[in-house]
Amino acid sequence: MNVFDIIGPVMIGPSSSHTAGAVRLGRIASKVLGARPVHADILLSGSFAQTHKGHGTDKALIAGILGMYPDDERVRSSLQIAEKKGLAFSFVEGDIPESHPNTARITLTGDNGEKIVLQGASTGGGNILVTEINGMEVSVSGQYNTLLVLHHDKPGAIAAVTNFMAYSGINIGNFRLSRPKKGGVAVMTIEVDGSVSQQMIDNLKILPNVINVILIKVI
């Protein structure tokens with residue numbers, strides 16, 4: 001346990017779970033999209049659905065999607081800012097079975113036509129856990145620099161990525177593989193110690209069977 005876990009994050013809003021964590025979920029969704037978001041459809045589940053207006057969860061999620069941090073004064077006016085920036089959004093209250101009480105499913109569309117669906121939860125004290133991206137199980141806490149490696153599920157794909165990282169002097173702290181079906185598209189979730197350069201990402205992208213590489217920095 002560190003000091004952050006005890007005193008909580010520096011933030012705007014009444015609740016670290018409903019505000020700070022929600023901002024971080026929005027930021028990661030925007031990062032995974034990799035384009036300027038123009039539309040956000042957000043399903044709120046559990047206590048997010050019940051109390052999101054009073055706790056400002058709606059403002060926090062949109063603030064994160066716009067690239068703000070939890071301590072940004074603009075979080076309070078993020079909905080108005082989104083309208084000015086051309087980001088359309090909608091919120092639906094519902095139920096996501098077997099999910100954490102503070103869960104959101106964020107569907108983002110970018111100005112390039114790309115679309116992603118991210119599901120994650122605010123787990124308390126401003127901490128988060130992203131559990132699903134585009135229907136594939138992941139585990140992203142945002143506490144470590146994390147690589148998401150989308151790839152074809154072919155023999156040698158994992159070895160090529162991990163061996164290149166080892167050769168480059170990057171230590172893997174945690175690794176998870178998700179594949180909806182054998183031989184299809186899969187995703188590696190790789191938490192690393194230290195930083196990851198853009199050159200490293202570019203080199204990983206050209207490895208055989210790699211489709212895309214996304215870096216989620218510590219937030």
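**Group meeting: a walk through the model**

Okay, let's start with one residue, His 152. Not counting residues up to four places away in sequence, His 152 touches Ala 157, Gly 184, Val 185, Asn 209 and Ile 211. Before I go on, keep in mind that this is a predicted model. So, is His 152 buried, partly exposed or exposed? Its relative accessibility is 35%, so His 152 counts as partly exposed. There's also Gly 183, which sits 31 residues from His 152 along the chain, yet the two C-alpha atoms are separated by 6.9 Å.

Now, His 152 belongs to strand S7, so let's look at that strand. S7 covers residues 145–152, and six of its eight residues are buried, meaning the strand is mostly covered. Which strands does S7 pair with? One is S9, residues 185–193, joined to S7 by eight bridges and running antiparallel. The other one I want to show is S10, residues 210–216, also antiparallel to S7, over six bridges. If you want a residue to click on, take Leu 147: its bridge partner in S9 is Ile 190, and in S10 it stands opposite Leu 215.

Next stop, Ser 178, which you'll find in strand S8, residues 171–178. Ser 178 comes out at 9% relative accessibility, and since the cut-off for buried is under 20%, Ser 178 counts as buried. What does Ser 178 contact, leaving aside its neighbours within four places in sequence? That would be Met 136, Glu 137, Ala 186 and Val 187. For a bit of scale, Ser 178 and Asp 111 are 67 residues apart in sequence, and their C-alpha atoms are 28 Å apart in space.

Two of those contacts, Met 136 and Glu 137, take us to strand S6, residues 136–140. As a general point, side chains in a regular strand alternate between the two faces of the sheet. In S6 you can see that pattern: Met 136, Val 138 and Val 140 point to one face and are buried, while Glu 137 and Ser 139 point to the other and are not buried. S6 pairs with S5, residues 127–133, running antiparallel with three bridges between them. Met 136 is the bridge partner of Ile 133 there. The two strands make a hairpin with two residues in between, and Asn 134 in the turn has a positive phi of about 50°.

Let's do one helix as well. H4 runs over residues 57–65, and eight of its nine residues are buried. The buried set is Thr 57, Asp 58, Ala 60, Leu 61, Ile 62, Ala 63, Gly 64 and Ile 65. After H4 comes Gly 67, with a positive phi near 95°.

Okay, zooming out. Overall we have seven helices and ten strands. The radius of gyration is 17 Å, close to the 17 Å that the globule rule gives for 219 residues, so the protein is as compact as a globular protein of that length. Along the principal axes, the C-alpha atoms fill a box of roughly 50 × 40 × 35 Å. Of the 219 residues, 47% count as buried. Among contacts between residues at least 6 apart in sequence, 67% join residues at least 24 apart.

Last, the surface and the charges. The protein exposes about 10,600 Å², with carbon and sulfur atoms supplying 50% of that. On charge, there are 19 positive and 18 negative side chains, and the centres of the two sets lie 5 Å apart. That's my tour, thanks.

Methods: Residues are numbered from 1 along each chain as its sequence is written. This is a predicted model: local features need pLDDT of at least 70, side-chain atom pairs count only at pLDDT 80 or more; totals for chains, interfaces and linings use all residues. Side-chain values use heavy atoms; hydrogens and water are left out. Helices (H or I, at least four residues) and strands (E, at least two) are DSSP runs, numbered from the N terminus. The radius of gyration is taken over C-alpha atoms; the globule rule is 2.2 Å times the number of residues to the power 0.38. Buried means under 20% relative accessible area, exposed over 50%, partly exposed in between (1.4 Å probe, protein chains only). Contact means heavy atoms within 4.5 Å. Accessible areas come from the Shrake-Rupley method with a 1.4 Å probe; for residues, only the protein chains shown count as cover. Lys and Arg count as positive and Asp and Glu as negative; His and the chain ends are not counted. The place of a charge is taken as NZ of Lys, CZ of Arg, CG of Asp or CD of Glu. Two strands pair if DSSP finds at least two bridges between them.
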